[in-house]
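Let's take a friendly walk through a protein structure, one piece at a time. Keep the picture beside you as you read.

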Amino acid sequence: MIMKQVLALWLAMMACIPAIAQDRSISGRVTDVLGGSPLPGVTITIKGTSRGTVTNSSGEYQLKAPANGTLVFSFVGYSTREVAIGNQSTINISLGTDEKQLGEYVVSGYGTTQRSKYTGSVASVSGEKLKDVPAATFDQMLQGRVAGLYSTSGSGQPGTANRVVIRGPGSISGTTAPLYIIDGIALEGGEFATLNAADFETVNVYKDATATALYGSRGANGVIVITTRRGKAGKLRLGAKTQYGWSQRTRPKFDIMNIDQRLQFEEEEEFGVGWEFSPKNDASSEPDKTKRAQILDSLRNINTDWSRIFLRDHAKFQEHEVNLSGGNENIRFYTSLNYFNQEGIALRSGLTRYSFRSNVDFKGDRFSGAVNAAVGYSEISGIENENSSSVVNTFAAAYYGLPYEAPYINGVLVHSGNASQFGGVYDLREGSDALERTLNTTNQTNKLKGTLNMNLRYDLLKNLYARTTMGVDYRQHDLSRYINPNSYTGSQATGRQGSYQQGFDKYWQFTGNYGLTFHENKDKHDYEASLIYEFIRTKSSNSTMTGYGINGLFPETPAGITPGNTTNGFIPVLGGGKFGTALASFIFMGRYSYDDRYTLNLAFRRDGSSTVPEKNRWHNFWSVGGGWNVLKEDFMFDATEKLDVLRLRASYGVSATPFAFNSTGAFGYMATYSPTRYAGAAGVVPATIGNPEYDWEYSKQLNIGFDVSAFRKRVNLSFDWYNRVTDNLFVDEQLSRTTGFTVRRINAGSVRNRGIDVDLSGDILRTRNFTLYAGANFNYNKNEVTNLGAVNEFEQGTSIIRVGLPLGSHYIVKWAGVDPETGRSQYYDREGKIVPNAQYNSSTMSVAEFGTFNPPFTGGFHLGARWKGLTVEALFSFAQGFKRFNNEDFFNVNPSFATSNQGTDWLRRWRKPGDITDIPSTSDPRRFNSKDIQDASYLRFRNLNMSYDLPASLLERTRVFSKVQVYVQAQNILTITSWKGFDPEDNNNISLFEYPAARTFTAGLRLNF
Amino acid sequence: MKRTFQLVYILLAAAILGTGCLGDLGIKPQDRISQQGAFNNVTALNIGVLGVYAGINYGATQYITTLLTDEATMPRENNTGRGVIPWRWQYDPGTSAEPAAAWGAYYDVIDRANRVLAVIDQVPATGEDLITRNRLKAELLAIRAFSHLELLSYYSVDYEPASPGVPVMTESKLSKPPRDVVSKVYQQINADLVAAKGLFPANYTVTNRQRIDPLVVTAIQARASLLQKNFDAAITFATEVITARPLASAAAFPNIWTDLSTAEVIWKLKRDNGEERLGVNYRDNTGRIIWAPSFKLMESFDPVNDIRFANYFKNLGTTDVPRWTAIKFVGGQAALVNLADAKLFRTAEMYLIRAEANARKATPDVAAGAADLNALRAARITGYTNETFPTAAALLDAVLLERFKELAFESARYVDARRNNRQINRGPKDVALAQGAVDLTQDDREYWLPIPQAEVFANEHIAQHPKWLQ
């Protein structure tokens, strides 16, 4: 039987006998289901053949087709419809923009597959969802969109990359970020600020082994595949978009002391001016009590709100875009220009981007292909020392600055450097010094990024084609940092006259793959097999120079640097480095479908990488997937009335976690020396301890799922259960310091991520003019370390990695409240016994009872309504069941930092024996303890978008516009959380005065001509 | 048939293209070199030895000594939180970095030295090269001995020969060593120093004092002998150094601290821009005083006649509202404030070693000890008149007080207390912000530096200090 089929296949391949049937002439018009405007450029093919045509500018078409055939109408962004010809000669249809339908085809880096014949777990996000979001990086826009994809922002600084984790972290030391592919070539992760997401047609998120094994040693964390917009044949289409808006801070909830609370606190604790000039202070330096009262009165009038000084209320936003597309059947193009400008809510921070893309597709007889080029340039201005407890961090200074510290006297900023000229001040100038630094320094990163790639396909035979993709992803950072020589900050620099730092950081990645694909669709058999060779080479280099003795006449340029000599202290500091990696792979991809009912997907990949020692250099990865379209079975015939799709899927395979892209990740196996110096002469020091057994972390994933659509696709449900086990896990073996190192990376452990992805969407109400729709996605992920090799656990500061616990578990001494008799903190030892503060010992008392910072429950949901041209959609996202270390409280309610402003928590502190409170007396030293581990679960109203499309009837009369849309939206509207810090959302376990996410409002106009 | 050929061509082309690229997988690091075969000649060896010098972290011992003892007090303007927990004796083995810093730094140095020592004898050398190779080996042995001495001084349970000391490392390897007994550490220190001395060329002297020469080895021997209570040896070695390198004159003394003079400097570590700035722990680069000299320390000086006072302390405020700061490590370059060379051994210490040895040896020689103490004071104090001491105990008290003064902020005070079984007592004017950290006795666990928690986690054979287990 099988032999017969194979024989038939070969015969078919050799003979290529075309089917002959009677053709008839068919014509018609294709319109938009919404508004009824004509759709030019819709592709119409005769099912099962390559014959077809495209609609003209009026949406009309004409072709010859056999009467027993079926016409397939497809248009990117719209649902594909099939119509049996029968005896019709005119077929008029309308297509709907339904983003659910975008998933009909799935595009991987190595080809395109019909979704019904794909056995993997994939989620698609339509470019429609991304194009207007006022965020600079597209990974932020994925928040709450895909089940099992957890994207979190670590900073509200425009242009900052998110932490993206798919189905839980599967590595301790390696990267947990997914692999990014754009139009077939690898894209550097975390570098999206210069990409314009409005150019994206779809973003497909691949989560299981069907796709990840295909990417072998890079795929274990999932793969995000981006396809960019293509031109459509037909008339030239010009589009323009403009939007304006502003950002503001979200929670102006600074629970720190105001002036009255501060002065009272100082008076009661007998320090600072509040005590110095208190009527109760008999030892005051000012004996005159009336004068003291006057001084305190004038201080009360100051009441500086530092958050108002450091943060902007209306940070401006604007974006403008022009795009042009068109072409004929042989050549199509899409080109766009975009300008994006977003101010951050912190003083000085912002991003300006210019991006350009040009995609050209061409098609000959046997030859077809595409050339895609994108260039982006962005200028990012950052704040000082973000994410640190340093007093010069804008967000820390906003907390630390005292309310009786007035920054300006007669318009002059009074800081530690000039305070004595004003007769001295009563405070430590924490706010003013930070402000002085902000005003006299720059922190600029200019990013240039280009992706250039070419896809070619040559049809050798009817069923065999050769293909190649080659491309380069290039990125360059140009960092500059200037410190004004004529400033207090400049006087602290080496040489005491400011500094100018310039750095370059370059990244270059070449992807080339070359392959042959055989495909055959005959009778009930549908085969496809590809053999591909791929080579990827990366190179990275960076250099930095810092010059001193800045000539104040030449600010913000290296020209202002004074050359150093032995006496002036201006000797510049230089540094830099370079490294690279290479990966060669042989790939086999196979698919077989029988009767649209049963599908088998196979992938095999052999990877050779420069990042592992030669003995482990080559490794095989593979996956097997099976799919069953239950609805196609005869016994389901009755169900087809209600069900549109019922598909079961299962897959299993192996992939590996890529190494971090840095020189340690690239050569982690090697014992090396790196350069140093002593007394002006070159030296070397051991840099890495090396490990000759170094190997990849292998991830094995089983995925079982199903897709259901019912009631003419009004309800759609996808469900997946997965079990991903990472073996050979890199564990940082803790070393005795006598070895000269603290850790050595060995492949010893295992971690498991097991959970479910659920994606449910549908139309709740669907009438002629009105649609109410909703969707939700949800992921539950149980992460557990199952093995750590020779050890059971190892501590990492206030975190622990322990067998049986999830990654990211907190590890800290448990707080036992304040002793009402002494006012001192008490802690639990490991036996649960309460011990006094003096016996605190983190090394013998820490416990891991406080959960993890990786949320087990994540997801998002949206709700929308369409009435004629009006659309309203709201998006929510959530993360539940996780805790983070709030280090802000450690500084804000800490007697060691009482000279800085402090939290109002102090107002309820212990004062006398018998007081029952959770805040100890000020003489009680603050230690790291479980009080700082706080629930960071949140539900965020992320986006609200309202748009109105002018009716087609009106537009037709203008004869100019084919689409006019106005819209308003709000981003990050509301957050429900019990978290006490700035922002519950973060990319790591600890909160340390990070830049919180802003709330943004925009209004825009879109015109298509 | 034609098509079949076409297919074969394509496959062939792909195969050739493929294999052509495969050769590229052997990417080598560019910022690093493999340790294997890194040192194949004497020049390369010297580069390795410089890397060992680069690792010596003077700030680690200097800072923890300042924080734990009565040298410093916390000014209100220290709003940075830096060092506050150790200074208040609220640290534990896990949470504070300062008590653990010297452990890591000196074992790194020992490991670096051992890596070079493992191959040094195989590096081909004849004639001049051989002399250089021997000298480099001597330097490595001396650094290894010095590092073991520092580790023992700070982290051993105590200094009795049979007590648990610190692990002795004589080769670079992956191991989990237990504490060796103190006597074994002493033996290794002494053996390395003797071996080092024998390898130096005759009359070898480093004029800029930035690397080790035979006199440095003698100075290390003097300090090591005092710790071992080998007082006669301490006297012999100290005498050798004192003879070779006299005390600085009153005129030269200020220049020691600005690095303009190497008078009485036996060994110092050169510090360049971009390296550790020893002054930042006292007053940071923004001008904020982090740790101020204690009033107890300042008031022990004669501020007018003692030249040390003006060279060690400065009032940045007014008489009414003083802001005292330690300026010993501010350095000599106004443009590079706080950048100063790390003076590891000075002749003054040799006088004090000899005086202490004379006071503590089985048959004390109070006169000889007093003579050394008076000689040092006379060099520092204008119009000084010699003092006599009724007993050896009185002499020892005076010597320890003089060490407190002379060697302030030079990593002496903490080990001095431990060597002589003394408490740490802070002055009443120095404890306003101490939250009760006034007296630290040998009964308090914080008196004894613990083995860092990271070491205990990694190395189950190492025993924590017993005081930390109570």
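Two strands count as paired if DSSP finds at least two bridges between them. Strands (E, at least two residues) and helices (H or I, at least four) are DSSP runs, numbered from the N terminus. This is a predicted model, in which local features need pLDDT of at least 70 and side-chain atom pairs count only at pLDDT 80 or more, while totals for chains, interfaces and linings use all residues. Residues are numbered from 1 along each chain as its sequence is written, and chains are lettered from A and ligands numbered from 1 in the order in which they are written.

Begin where the chains meet. Strand β32 (residues 672–678) of chain A pairs with β1(B) in the antiparallel sense, over two bridges. There, A:Y673 stands opposite B:I33. In total, 72 residues of chain B are in contact (C-beta atoms, placed from the backbone, within 7 Å) with 69 residues of chain A. On chain B's side, α1(B) gives the most, with nine residues.

Now look inside chain A. An open, mixed sheet has five strands in the order β10-β15-β16-β13-β14. Its edge strands, β10 (122–126) and β14 (185–187), each pair on one side only. Within this sheet, β15 (200–206) and β16 (223–228) are antiparallel over six bridges, and A:F200 stands opposite A:T228.

Finally, find helix α15 (residues 392–406) of chain B. At 1.5 Å a residue, its 15 residues should span 21 Å (1.5 Å times one less than the number of residues); the end C-alpha atoms are 20 Å apart, which agrees.

Technical notes. Two residues are in contact if their C-beta atoms, placed from the backbone, lie within 7 Å.
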